[in-house]
Amino acid sequence: MTDTSEANKMRNREIARNEEAKQITGSARVSIWAVAVVVIVGGILFTLGWLALR
């Protein structure tokens, strides 16, 4: 009974580590997209402002 319990605990810990790695990867991917969108929108607004002042 103890061996099964320990095996389940180890399995659950491994699953938790894998899920944590997936969350970190997903968060980084979302952050990269967010930065890219901000840079693109900022560039468009900067260009429009520069053209308006000319």
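E19 counts as partly exposed, because its relative accessibility is 41%. The residue belongs to helix 1, which covers residues 2-53. This is a predicted model. The chain holds one helix and zero strands. Of its 54 residues, 0% count as buried.

**Overall shape**

- The radius of gyration of the chain is 23 Å, whereas a compact globule of 54 residues would have one near 10 Å.
- Along the principal axes, the C-alpha atoms fill a box of roughly 80 × 5 × 5 Å.
- The secondary structure comes down to one helix, with zero strands beside it.

**Distances along the helix**

- N8 lies in helix 1. Its C-alpha atom is separated by 33 Å from that of V30, and the two residues are 22 apart along the chain.
- S5 is also placed in helix 1. Between S5 and V38 there are 49 Å in space, C-alpha to C-alpha, for a separation of 33 residues in sequence.
- E19 and I32 are 13 residues apart in sequence. Their C-alpha atoms are 20 Å apart in space.

**Surface and exposure**

- The chain exposes about 5200 Å². Carbon and sulfur atoms supply 67% of that area.
- No share of the chain counts as buried: the figure is 0% of the 54 residues.
- S5 has 35% relative accessibility, so it counts as partly exposed.
- N8 has a relative accessible area of 43%, so it is partly exposed.
- For both S5 and N8, the class follows because partly exposed runs between the 20% cut-off for buried and the 50% cut-off for exposed.

**Charges**

- The side chains include 7 positive and 5 negative ones.
- The centres of these two sets lie 13 Å apart.

**Salt bridges**

- The count of salt bridges comes to two.
- E14 pairs with R17 in a salt bridge. The closest N and O atoms of this pair are 2.7 Å apart.
- E14 and R17 are separated by about one helical turn, because they stand three residues apart in helix 1.
- Both partners are partly exposed. E14 has a relative accessible area of 39%, and R17 has one of 48%.
- E19 forms a salt bridge with K22. Here the closest N and O atoms are 3.9 Å apart, and the cut-off for a salt bridge is within 4 Å.
- E19 and K22 are also three residues apart in helix 1, so about one helical turn separates them.
- The partners fall into two exposure classes. E19 is partly exposed at 41%, whereas K22 counts as exposed at 56% relative accessibility. K22 passes into the exposed class because that class begins over 50%.

**Nonpolar patch**

- A nonpolar patch on the surface is formed by W33, V37, I40, V41, I44, L45 and L48.
- Together these residues have about 750 Å² of accessible area.
- V37, one of the patch residues, is found in helix 1.
- V37 is partly exposed, because its relative accessible area is 46%. Patch residues need over 30% relative accessible area, so V37 clears that cut-off.

**In short**

- The predicted chain has one helix and zero strands, with 0% of its residues buried.
- Two salt bridges are counted: E14 with R17, and E19 with K22.
- W33, V37, I40, V41, I44, L45 and L48 make up a nonpolar surface patch.

Notes: Residues numbered from 1 in each chain as written. Predicted model: local features only at pLDDT ≥ 70, side-chain atom pairs only at ≥ 80, totals over all residues. Heavy atoms only, no water. Helix = DSSP H or I, 4+ residues; strand = E, 2+ residues; numbered from the N terminus. Rg over C-alpha atoms; globule rule 2.2 N^0.38 Å. Buried < 20%, exposed > 50% of the residue type's maximum accessible area, 1.4 Å probe, protein only. Areas by Shrake-Rupley, 256 points an atom, 1.4 Å probe, with all protein chains shown as cover. Lys, Arg positive; Asp, Glu negative; His and termini not counted. Charge placed at Lys NZ, Arg CZ, Asp CG, Glu CD. Salt bridge = Lys/Arg side-chain N within 4 Å of Asp/Glu carboxyl O. Patch = residues over 30% accessible without salt bridge, like charges linked within 9 Å, V, L, I, M, F, W, Y side chains within 5 Å.
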